[in-house]
Every structure is written in structure tokens, then in C-alpha cells.
Amino acid sequence: MAVRARGLSLGQRRAVWAYIFLIVPLLFFIGVRFAPTLFAMSVSLFKWDILSPTKPWLGLQNYETLFADKVFWKSLTNTLLYVVLSVPLELVFGLTFALLLQSAARWKGFFRALYFIPFVTSTVAISWVWRWMYEPTFGPLNKLLAFLSLPEQKYLANPDQALPSIVIAIAWQAVGFYIIIFLAGLEAIPADFYEAAKIDGAHAWDLFRHITLPLLNPTIVFLTVIGTINGIQVFTQVLNMSFQGTGGPLDATKSLVLFIYQQAFRSFKMGYASAGTVVLFGIILLITLIQLKVTTRRVEY
Amino acid sequence: MKRLALLALLALALIVVACSAPAEPTKAPAASAATSAPAAKPTDAPAAKVEIEYWQYFFESKKNLVDELIVEFQKQNPNITVVHTTFPYEQYTDKVAASVPAGRGPDVVNLYYGWLPLYINSGYLAPLPDKDFPIAQLEKDFIPMIQIAKVDGKYYSLPTAVRNLAIFYNKDLYTKAGLDATKPPKTFDELASAAQKMTKVEGGKMTVAGWRVDLSNQDHNLFREILVRAYGGVPQSDDHKKIQWNATPGGYDAWQFLIDLTAKQKVSEPTLGQDGPTAWLAQQAGMMVSGSFYLGTAKSKATFNWGVFPMPAGPKASANFGSFWTHGITTKAAKDPAKLAASVKFLQFLTSAETMKKWTPAIGELPARAEVLKDPVFANDPLLAPFLQTLPVSYASYFVDEAADRTALIDAYNAVILKNADPKKSLDDATKTVQKLFDDYWASKK
């Protein structure tokens with residue numbers, strides 16, 4: 001390697017150094033990200049039974065089986081439901097609390113820390129606490145309903161309520177992260193805008209509708225993209241909270257990632273599971289592209 | 001500048017080293033052991049030191065006993081070192097899955113018998129050498145239940161012990177309900193009515209289930225082998241090719257009986273107390289179906305008086321479900337004559353009558369050798385006797401994918417209990433799902 005090479009200009013030397021330093025993360029990305037992704041894509045074309053020494057070529061047969069698999073479609077629908085239900089919930093609550101926190105006169109730091117704690121707590125622990133809260137016989141939620149003389153619910157054991165119940169736990173945990181990002185976004189809005197608008201006689205709602213919301217657009221886009229990707233990859237909460245831990249009852253809570261996990265590590269069908277991951281990859285790619293195209297349109301006010 | 005360059009170089013070097021590190025640094029001693037004992041017959045003790053690895057899932061009493069047994073085995077065979085590794089049950093298949101592509105893993109492995117077709121079909125296990133384990137002798141010495149482990153006329157593994165099921169009951173709740181603990185229920189109808197008496201409902205909510213039905217624990221086995229037979233059906237054809245749960249009216253009756261416990265007689269509640277064993281330990285369930293393997297846990301964890309009674313009979317027959325964890329030798333070990341010889345020795349030791357005599361008192365599972373089973377010590381034990389009594393009518397199910405098979409029944413049960421599906425249709429659906437698993441399995445064998 002040419003250390004302190006002679007005859008190079010300062011600019012060229014700088015460029016050489018920049019590339020030398022870039023090699024390290026590049027190697028990391030090639031070795032740890034890209035290569036396994038490409039490998040998984042190739043695995044999906046084989047009957048890759050993990051215990052078996054022979055891995056016969058299947059072509060697209062894994063995909064054919066996958067698209068004919070009812071459980072796959074069910075888990076795909078569930079995954080989209082996780083996204084559609086959790087992202088708006090997180091955005092609305094995140095923004096509401098951020099606005100409240102921003103106007104809080106004292107103990108701002110304390111409240112920020114308080115709301116952020118769930119986000120840095122172990123997801124497994126949170127899942128189990130929620131699971132106990134939802135417990136139909138002895139859980140506090142049903143005790144509360146009974147106290148209010150309202151009909152008690154089955155929550156995680158009811159195929160219709162199980163998925164929304166998990167969504168609530170997911171949103172509860174994620175909201176702290178949304179608050180922090182929204183707060184940063186709010187801080188970045190110059191105070192002059194509000195002052196000028198107030199002088200013109202704008203009300204609080206006008207300020208929010210015409211200044212805060214438009215100027216938060218990049219923050220909202222960022223959070224929507226992150227929230228969607230997290231929602232598509234939901235796994236831990238489902239594994240720990242679902243009835244019998246298998247994405248039940250009746251696959252009502254099974255997410256795509258849990259489906260892939262079960263195929264790969266319970267049934268040892270690596271090829272089939274890889275086909276699932278390729279589909280998942282395609283979906284995430286597509287959604288991200290659409291979101292970036294649609295929601296980052298520059299709007300001038 | 002120079003220091004930075006050095007740092008960058010160092011980072012690069014680290015990556016290169018990490019990437020090119022040998023996948024199997026421990027291979028060397030094994031290879032030398034193989035070459036230094038080329039003439040040794042597999043049955044002879046290897047001349048050179050050899051190390052073999054034994055894997056089982058973590059079950060405290062089993063881990064401790066096997067640790068003790070290994071010390072003894074190594075005393076008898078000073079040239080063999082056994083490395084004992086355990087994993088939590090939930091991670092067991094993950095670990096196996098991760099170790100195979102890496103070319104590592106155990107030489108002797110403990111597997112659930114129901115997983116055998118999957119592992120054998122994949123070439124993970126090697127057949128037991130005929131001269132060390134003659135088939136005729138095995139079938140004479142071991143109880144007939146182990147024959148379910150015979151695949152394509154060969155044995156790939158042997159168990160130390162077998163288990164079957166019985167009813168665990170809370171004596172305190174049983175007598176409180178006005179029942180006589182000296183007269184256990186003899187039929188499933190009597191069991192259901194005892195459960196009704198033990199069930200407690202407060203403010204419209206069940207606080208004690210008389211019998212906590214839990215299909216994700218043992219009650220899928222209860223249905224398949226016990227109830228179907230008890231009501232006059234046979235769960236599978238003899239060649240294990242056809243699932244016959246719904247082939248007779250008895251099959252439907254058995255299914256209806258299981259459903260009615262929750263739906264009609266209301267002696268169970270699917271969410272009460274996390275799962276069956278947890279509910280039973282927390283005194284939220286009076287009775288549950290479990291195996292002899294649960295005796296150890298019950299002894300150490302139950303804070304109330306409890307007992308066990310034998311599996312009741314149905315209107316047509318009396319049956320029980322038998323199962324076992326079994327030790328096999330991997331193809332990886334079979335490739336190396338020294339390791340194979342050591343593994344054979346270890347397997348013979350694990351399945352010897354002496355080991356079994358230690359195993360049963362420590363674990364609760366019953367010995368797999370017929371001759372050891374005759375020991376009056378077991379028949380006189382009040383906790384083991386209920387299991388022994390139904391051992392002659394214990395059947396092990398043939399599984400091609402145990403997890404999927406179980407899930408099919410759980411889903412069918414939930415469809416009825418949670419979504420009011422038609423019981424008959426749900427059983428038909430489960431049968432169809434599992435039949436497809438079997439069809440695919442047998443098709444892949446050709």
C-alpha cells in the first residue's frame with residue numbers, strides 16, 4: 001500500500017485516504033449484508049433441507065408452493081395489518097405527546113426520559129407484561145372492565161382481537177422513539193414563523209395546520225418509512241405474546257417473519273423459507289420506493 | 001498520518017483473518033486419532049484418545065444424571081472423552097440447524113422419536129452397526145414400543161427410557177369436591193364428571209378448571225392415540241400411510257368428547273393459567289394429562305397434596321400414548337472409525353440395564369428393556385405403578401412432522417372453541433392437512 005506516496009497532489013492524497021477508510025465499511029457491507037442477501041436469494045431456488053446433504057435444484061418451485069400456501073397469505077395479510085394499524089397510531093400519539101412535551105414548562109427532560117424508557121426496554125419483557133395484562137381471568141385489564149361493569153374480553157385468545165392487542169403493545173413501546181424524533185423536528189421550526197403568524201392573527205389550530213404540520217413533513221416521512229419497515233419485520237412481540245407462541249390462535253397473529261422462522265428452524269425448509277424472505281425483501285423495497293416518491297414531494301409555502 | 005494508516009491496515013488485517021479463520025479448528029486431533037487406529041475394529045476400544053460429543057435438550061434432572069453417567073463411562077473407557085452439551089428445548093432444533101451446515105455438531109444425539117423420519121430421511125443419522133446392535137436381539141430385549149423407531153427395516157437409535165401418560169390430580173381439590181381419592185375414575189365419562197365437580201366458577205369466571213385441556217401440551221396425544229382408540233377407532237393405518245382419525249364414527253365421538261369438555265361440560269377454559277401444567281401447579285386446575293417425565297417437576301414444585309391415577313378406558317378400548325427420547329449416532333460420527341467405535345460404546349452404555357436402573361428413580365421415565373421393567377421396585381412405587389399399568393397398551397404415534405401434526409390438531413380445536421366451527425368439519429380438515437404431510441413424505445421416499 002502506498003503510504004505517503006510521492007508525486008501526488010494534496011487533493012489526490014486526500015482522495016486516496018478517503019477510499020482507504022471507505023474500504024473497511026465497504027468490506028463489512030459486502031461480507032455481512034450483500035453476500036448473505038444474494039446467498040439467500042440463491043438458496044430459494046433449491047430444495048435446501050438443512051439436514052440433508054443433497055440440495056436439489058428446484059427453480060421457481062418454492063415460489064409456486066409459497067403462493068399456493070394459505071398460511072403464507074394469511075401471514076402476509078397480518079403483516080400488512082400490523083403496519084396499517086401501528087404506524088398511524090404511533091404517528092398520532094407520538095406527535096400529540098411531542099406537542100404536549102414541547103409546551104411543558106418544567107420537568108421536560110424527566111418526561112422525555114419517562115416516555116423513552118419503553119423503547120429501550122427489552123421487547124421480550126414488555127411482551128410478557130402485556131401478555132399478563134391481557135390475561136382473561138386474572139389480568140388487570142379485565143379486572144378494570146369488570147369494575148366498570150363492561151363485558152370482559154379474551155384479547156389474545158380471541159382470533160379477532162389478538163392482532164389489535166399486539167399492535168397496541170407494539171405502539172406503546174415505539175411511541176417514545178416517535179416523540180423524540182418529533183421533538184427534534186419541532187425544535188427545528190424557526191420561532192419567527194409562529195410570531196409572524198400570530199401578529200397576523202392566526203389561531204393555535206392555524207399555526208399547527210399551516211406551519212407545524214407542513215414543516216414536519218420530512219420528519220413524518222422518515223417516521224412512516226421506519227415504522228413501516230419495523231411493522232413488516234414484526235416478530236418478537238408475536239412470538240412472545242401470541243396464544244401458544246406460534247402466531248395463533250388460528251394463525252390470526254402470525255407475521256411473515258414468524259412464518260419464515262417456523263419454516264426455516266422448525267421444519268428445516270431453508271429453501272422455502274428463503275423464498276419467503278425474498279418476497280419480504282421485494283415488498284419492503286417496493287413500499288420504501290413508493291413512500292419516498294410520494295411523500296417527499298417538495299411543497300413550497 | 002502514519003498512525004492512521006497503520007490503524008487502517010490493522011482493521012483490514014483483522015477482517016481478512018476473521019474471514020479466513022478455519023471453520024473447524026478442532027478437526028486436527030480427531031483426524032490423528034483416526035489414522036493412528038486404522039486397524040481397530042469398531043467394537044474394540046480405540047487405542048488412541050478420542051473425544052465424542054453428546055447433545056440433548058436441557059432438562060435439569062436428565063442433565064445431572066448424564067453428567068454422572070459420563071464420569072462413570074470415562075472411568076470404564078479411559079481413552080474416550082465425552083463432551084456433554086445441552087440446549088433449551090425451544091432452541092434445540094435451531095442449534096441442530098445451525099451446526100449441520102457448519103460441519104460440526106454431535107456424534108451421539110438425543111432426539112424425540114417423532115422427529116426420526118425427518119432426521120433419517122435427511123441422512124443425519126447413521127444406521128446402528130448390525131454387529132453391535134443385532135436387530136433380532138434388540139427386538140427381544142426392548143419393549144415393543146421402540147419398533148416405531150424402525151425405519152426401512154433398520155434401527156438408527158435406541159432409547160434408555162420410555163414414557164406414557166396418566167392423570168395428575170390435586171388431592172386437596174379432589175377431596176374438597178367430595179370425591180374419594182381411593183376410587184379413581186375408571187372411564188373417561190367418570191373422569192369428566194369428577195372434573196365437573198372440581199370446577200369452580202366465581203362471578204361468571206372460571207377460577208379452577210376441573211380438567212385443564214391443553215392441546216399444545218399432551219392433549220393432542222391424548223386425542224390421537226388414546227381417545228380415538230378408546231372410542232373404537234385406529235388413528236393410522238398399519239403402514240403409516242393413511243390418517244384415520246375421521247375414518248370411523250368412533251373418531252368423531254372421541255373428538256366430540258374432547259370438545260365437549262370445554263364447550264358443553266365447561267370443565268376447562270383455554271386461557272386459564274397460561275398452560276396446562278402451569279395451571280395445575282398454581283391450583284387453577286384440578287387435573288391434567290401428563291407423562292411420567294413430569295413426576296420430577298411435580299415433586300419439586302407442587303405445594304399441595306397430589307397423586308396420579310392411570311389413564312381411564314373408553315367405551316370400546318383402553319389405550320395409552322407412549323413416547324421416548326432416543327439416542328442416535330450421526331453420519332458425521334460414522335465417517336470416522338474411531339469416533340464411531342467410541343459412539344457405539346457410549347450408546348451401549350446409555351442403553352444398558354445398569355443405566356436404566358439409575359434412570360427411572362432419577363427421571364421418572366420407565367426403562368425401555370423388558371427385563372428391567374419387571375423389577376418389582378417399579379410396580380410397588382405408587383407414582384410409577386399407574387404408568388406401568390397401561391404400558392402394555394401404550395402406542396407411539398408415527399410422525400413425519402411432529403410440529404405440523406400437532407399444529408393441525410390445535411388449529412382444529414381452536415376453530416371449534418374460539419370460532420364455533422363445526423366439530424366434524426374441523427376434524428376432517430385436520431385429517432386432510434396431516435394426510436397431505438404424510439403423502440408428501442412418502443412421495444419423497446421414492
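## Close-ups of a two-chain model

**Figure 1. B:Asp67, partly exposed at 30% relative accessibility.** This view, like the others here, comes from a predicted model. B:Asp67 gets the label "partly exposed" because 30% falls between the 20% cut-off for buried and the 50% cut-off for exposed. Its salt-bridge partner is B:Lys63, with N and O 2.8 Å apart. Both residues sit in helix H3 of chain B (residues 60-76), four residues apart, which is about one turn of the helix. B:Lys63 is partly exposed too, at 25% relative accessibility.

**Figure 2. B:Glu139 and B:Lys150 joined by a salt bridge.** Here the closest N and O atoms are 2.9 Å apart. This pair ties together distant parts of the chain: B:Glu139 belongs to helix H6 of chain B (residues 135-141) and B:Lys150 to strand S5 of chain B (residues 150-151), 11 residues apart. Buried or partly exposed: what is B:Glu139? It is partly exposed, at a relative accessible area of 27%. B:Lys150 is also partly exposed, with 31%.

**Figure 3. A salt bridge within helix H20 of chain B, B:Asp429 to B:Lys425.** The N to O distance is 2.9 Å. Again we're looking at two residues four apart, about one turn of the helix. B:Asp429 counts as partly exposed, with 33% relative accessibility. Elsewhere, salt bridges with shared partners knit B:Lys62, B:Arg163 and B:Glu365 into one network. Over all chains, the count comes to 17 salt bridges.

**Figure 4. Two of the 62 aromatic pairs that the structure holds over all chains.** B:Tyr112 and B:Trp115 make an edge-to-face pair, 6.2 Å centre to centre with 65° between the planes. Both B:Tyr112 and B:Trp115 are buried. The other pair, B:Tyr398 with B:Trp442, is stacked: 6.3 Å between centres and 10° between the planes. That one bridges distant parts of the chain, since B:Tyr398 is in the loop between strand S16 (394-395) and helix H19 of chain B, while B:Trp442 is in helix H20 (residues 423-445) of chain B, 44 residues apart. B:Tyr398 and B:Trp442 are both buried as well.

**Figure 5. Where chain B meets chain A: 37 residues from chain B and 36 residues from chain A.** About 3,300 Å² is buried between the two chains, with carbon and sulfur atoms giving 66% of that. Which residues of chain B lose the most area to chain A? They are B:Lys205, B:Thr271 and B:Gln274, together 17% of what that side buries. There are three salt bridges between the chains. One of the residues to look for is B:Glu269, in a salt bridge with A:Lys154 whose closest N and O atoms are 2.9 Å apart. Three residue pairs are in polar contact across the interface, counting pairs with both residues at pLDDT 80 or more.

**Figure 6. The side of chain B that touches chain A, by element.** The elements giving two or more residues to this side are helix H1 (2-20), helix H4 (89-99), helix H5 (116-121), strand S10 (205-211) and helix H19 (402-419) of chain B. H1(B) provides the largest share, seven residues. Sorted by class, this side of chain B has 21 nonpolar, nine polar and seven charged residues.

**Figure 7. Two residues of chain A with positive phi, A:Tyr155 and A:Leu250.** What makes this view worth a look is that most residues other than glycine have a negative phi. For A:Tyr155, phi is near 50°. A:Tyr155 sits in the loop between helix H6 (140-147) and helix H7 (162-187) of chain A, and it is buried, with a relative accessible area of 11%. For A:Leu250, phi is about 55°. A:Leu250 is in the loop between H11 and helix H12 (256-265) of chain A.

**Figure 8. A:Asn240 in helix H11 (residues 236-241) of chain A.** Buried or exposed: how does A:Asn240 count? A:Asn240 is buried because its 12% relative accessibility is under 20%. Leaving aside residues up to four places away in sequence, A:Asn240 touches A:Val124, A:Ser127, A:Trp128 and A:Arg131.

Notes
Residues are numbered from 1 along each chain as its sequence is written. Chains are lettered from A and ligands numbered from 1 in the order in which they are written. This is a predicted model: local features need pLDDT of at least 70, side-chain atom pairs count only at pLDDT 80 or more; totals for chains, interfaces and linings use all residues. Side-chain values use heavy atoms; hydrogens and water are left out. Contact means heavy atoms within 4.5 Å. Buried area is the accessible area (1.4 Å probe) that two parts lose on being put together, summed over both. A salt bridge is a side-chain nitrogen of Lys or Arg within 4 Å of a carboxyl oxygen of Asp or Glu. A polar contact is a pair of N or O atoms within 3.5 Å; within protein, one must be able to donate a hydrogen and the other to accept it, and residues adjacent in sequence count only if both atoms are side-chain atoms. Ala, Val, Leu, Ile, Met, Phe, Trp, Tyr, Cys and Pro count as nonpolar, Asp, Glu, Lys and Arg as charged, and the others, Gly among them, as polar. Rings of Phe, Tyr and Trp (its six-membered ring) pair if their centres lie within 6.5 Å; planes under 30 degrees apart count as stacked, over 60 as edge-to-face and the rest as tilted. Buried means under 20% relative accessible area, exposed over 50%, partly exposed in between (1.4 Å probe, protein chains only).
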